[in-house]
Amino acid sequence: MTDNATLVDMGYVAGAFGIKGWVKIKVATEYADSLADYEKVSLKLPSGQTVSQTIESGFARDGVYHAKFSGINSRDAAVALRGAVVAVARDEFPDTDEDEYYWVDLIGVQVVNLQGEILGTVSELMETGANDVLVIGAGKDQRLVPFVAQYIVNVDMATKTITADWGLDY
């Protein structure tokens, strides 16, 4: 089993599907079938326990991933997993192309502007439909910066720094 610190939440078990142990997973990823890339996942059970699980089969339909886990062979067993968070070890993620980033890797990265002023640290990202947005800081000091080439000058993952063309007074 993988250490919880390296696990990335990918969705949660929303309920059972059918009578043979299949579950419906509401994914928190861009594509509903993204879990198809992984054979091994971790389930963070409502009890607080984390268990390793193998996906025997799966498919996406209507924004939900339907999966058959190894050893889960009845509707009752599938229902018992309801609420479990489905997570994948970060080191299992496929490599990204140049100028592509996983959101989880951008959280905690410091953002500075072209003047060298610290804007804050990325606390989360939002999807707006038009583009992704960096949420920098928290509370009333929160800044929202579009994560697009017009404003993002450089992303340096080695130093965990994003340089943005964005003023302190925006």
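Visitor: Which residues do ring pairs link into a cluster?

Guide: Phe17, Trp22 and Phe59 are linked in this way; two rings of Phe, Tyr or Trp (its six-membered ring) pair if their centres lie within 6.5 Å. The model is predicted, so local features need pLDDT of at least 70 and side-chain atom pairs count only at pLDDT 80 or more, while totals for chains, interfaces and linings use all residues. Residues are numbered from 1 along each chain as its sequence is written, and side-chain values use heavy atoms, with hydrogens and water left out.

Visitor: How many aromatic pairs does a search of the whole structure find?

Guide: The search finds seven aromatic pairs.

Visitor: Why is the pair of Tyr151 and Trp166 called edge-to-face?

Guide: The ring centres are 5.1 Å apart and the planes meet at 85°. Planes under 30 degrees apart count as stacked, over 60 as edge-to-face and the rest as tilted; the angle of 85° therefore places this pair in the edge-to-face class. Tyr151 belongs to the loop between β10 and β11, and Trp166 to the segment after β12 (161–164), so the pair ties together parts 15 residues apart in sequence.

Visitor: What makes the pair of Trp166 and Tyr170 edge-to-face?

Guide: Its planes stand at 70° to each other, with 5.2 Å from centre to centre, so both values meet the limits for an edge-to-face pair.

Visitor: How do you know whether Tyr151, Trp166 and Tyr170 are buried or exposed?

Guide: Buried means under 20% relative accessible area, exposed over 50% and partly exposed in between (1.4 Å probe, protein chains only). Trp166 has 13% and is therefore buried. Tyr151, at 24%, falls in the partly exposed range, and Tyr170, at 59%, counts as exposed.

Visitor: What share of the chain's residues counts as buried?

Guide: Of the 170 residues, 37% count as buried.

Visitor: How do you know which stretches are helices and strands, and how many of each are there?

Guide: Both are DSSP runs numbered from the N terminus: helices are H or I over at least four residues, strands are E over at least two. There are two helices and 12 strands, and from the N terminus the elements follow one another as β-β-β-β-β-α-β-α-β-β-β-β-β-β.

Visitor: What makes β8 and β9 paired strands?

Guide: Strands pair if DSSP finds at least two bridges between them. β8 and β9 have five, in the antiparallel sense, so the criterion is met. Met126 stands opposite Val133 in β9. The hairpin of these strands has four residues between them, and Gly129 takes a positive phi near 100° there.

Visitor: How do you know that β9 and β10 also pair?

Guide: Four antiparallel bridges join β9 and β10, and Ile136 has Arg143 in β10 as its bridge partner. Six residues lie between these strands in a hairpin, where Gly137 in the turn has a positive phi of about 80°.

Visitor: What joins β7 to β8?

Guide: Three bridges connect β7 (residues 110–113) with β8 (residues 118–127), and the two run antiparallel. Val112 stands opposite Ile118 in β8.

Visitor: In what order do the strands of the open sheet stand, and what makes some of them edge strands?

Guide: The six strands are ordered β10-β9-β8-β7-β12-β11, with mixed pairing. β10 (143–146) and β11 (152–156) are at the edges because each has a single partner strand, which leaves one side of each without a neighbour in the sheet. Neighbouring strands are turned by 35° against each other on average, direction ignored; axes are lines fitted to C-alpha atoms.

Visitor: Why is β9 described as largely enclosed?

Guide: Four of the five residues of β9 (residues 132–136) are buried, so the rest of the structure largely encloses this strand.

Visitor: Why is Lys68 called buried, and what joins its side chain to that of Asn73?

Guide: Lys68 lies in β5 (residues 64–69), and its relative accessibility of 8% puts it in the buried class. The two side chains are joined by a polar contact of 2.9 Å; the term covers N or O atoms within 3.5 Å, where within protein one must be able to donate a hydrogen and the other to accept it, and residues adjacent in sequence count only if both atoms are side-chain atoms.

Conventions:
Axes are lines fitted to C-alpha atoms, for helices over the stretch in contact, and angles run from 0 to 180 degrees between N-to-C directions.
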